[in-house]
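Here are some notes for a colleague who is going through this model residue by residue. They are set out as numbered points, to be read beside the coordinates.

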Amino acid sequence: MTQAERLLYTAKVHTTGGRDGASRSSDGCLDVKLSTPGVPGAGTNPEQLFAAGWSACFEGAMGIAARRMKVVLPADMAIDAEVDLNLAGDAYFLRARLDISLPGLERGVAEALSQAAHETCPYSKAVRGNVDVTITVV
């Protein structure tokens, strides 16, 4: 870590059993059963967890962008995230879509906010160049 960097938070999660196991955070706030996507099971899966985390983080990044642009985000804004698990040969990979709903904002403003958020959101940065991502203002 450089002098300009500072650690803001560390998530600590213990997982056992892989896709058919369980994950629990060190503070107990997250305690979920896991199940393989597409098969009957009582748990969630890594793709759903990723979609939830990314969309929540992205919404936070949109708030930062809105403050910088002096724009008020609508109270009923929403993000629908879809994360696809794909297989090509024997290689797994992800594709993702974020559909951003910003009712009442001009389309150009909404698209500028979405682009700014995509540039700063840590999840977006993590997948850039590794995951095919489509961001759409709906």
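**Notes on burial, salt bridges and surface**

1. Glu47 has a relative accessible area of 9% and is therefore buried, the cut-off being under 20%. This value, like the others in these notes, is computed from a predicted model. Glu47 belongs to helix α1, which covers residues 46-69, and, apart from neighbours within four places in sequence, Glu47 is in contact with Arg19, Pro37, Val83, Leu85 and Leu94.

2. What does Arg19 form with Glu47? The two residues form a salt bridge, in which the closest N and O atoms are 2.6 Å apart. Because Arg19 sits in the loop between β1 (13-16) and β2 (22-25) while Glu47 is in helix α1, the pair ties together parts that are 28 residues apart in sequence. The partners are unlike in exposure, since Arg19 is partly exposed at a relative accessible area of 30%, whereas Glu47 is buried at 9%.

3. The structure holds six salt bridges, and another of them joins the side chains of Arg24 and Asp31, with an N to O distance of 3.4 Å. Here Arg24 is partly exposed, with a relative accessible area of 43%, while Asp31, at 53% relative accessibility, counts as exposed.

4. A salt bridge also links the side chains of Arg107 and Glu111, at 3.1 Å from N to O. Both residues lie in helix α2 (residues 107-120), where they are four residues apart, or about one turn of the helix. Arg107 is partly exposed, its relative accessible area being 47%, and Glu111 is likewise partly exposed, at 39%.

5. Glu82, Asp84 and Arg97 should be read together, as they are linked in a network of salt bridges.

6. Which residues form a nonpolar patch on the surface? The patch consists of Leu85, Leu87 and Tyr92, which together have about 330 Å² of accessible area. Of these, Leu87 is found in strand β4 (residues 78-88), and Leu85 also appears among the contacts of Glu47.

7. Leu73 is located in the loop between α1 and β4, and at 22% relative accessibility this residue counts as partly exposed, because the buried class is limited to values under 20%. Leaving aside neighbours within four places in sequence, Leu73 is in contact with Met62, Gly63, Ala66, Leu102 and Leu113. Thr15 is 58 residues from Leu73 along the chain, and the C-alpha atoms of these two residues are separated by 36 Å.

How values were computed. Residues numbered from 1 in each chain as written. Predicted model: local features only at pLDDT ≥ 70, side-chain atom pairs only at ≥ 80, totals over all residues. Heavy atoms only, no water. Helix = DSSP H or I, 4+ residues; strand = E, 2+ residues; numbered from the N terminus. Buried < 20%, exposed > 50% of the residue type's maximum accessible area, 1.4 Å probe, protein only. Contact = heavy atoms within 4.5 Å. Patch = residues over 30% accessible without salt bridge, like charges linked within 9 Å, V, L, I, M, F, W, Y side chains within 5 Å. Areas by Shrake-Rupley, 256 points an atom, 1.4 Å probe, with all protein chains shown as cover. Salt bridge = Lys/Arg side-chain N within 4 Å of Asp/Glu carboxyl O.
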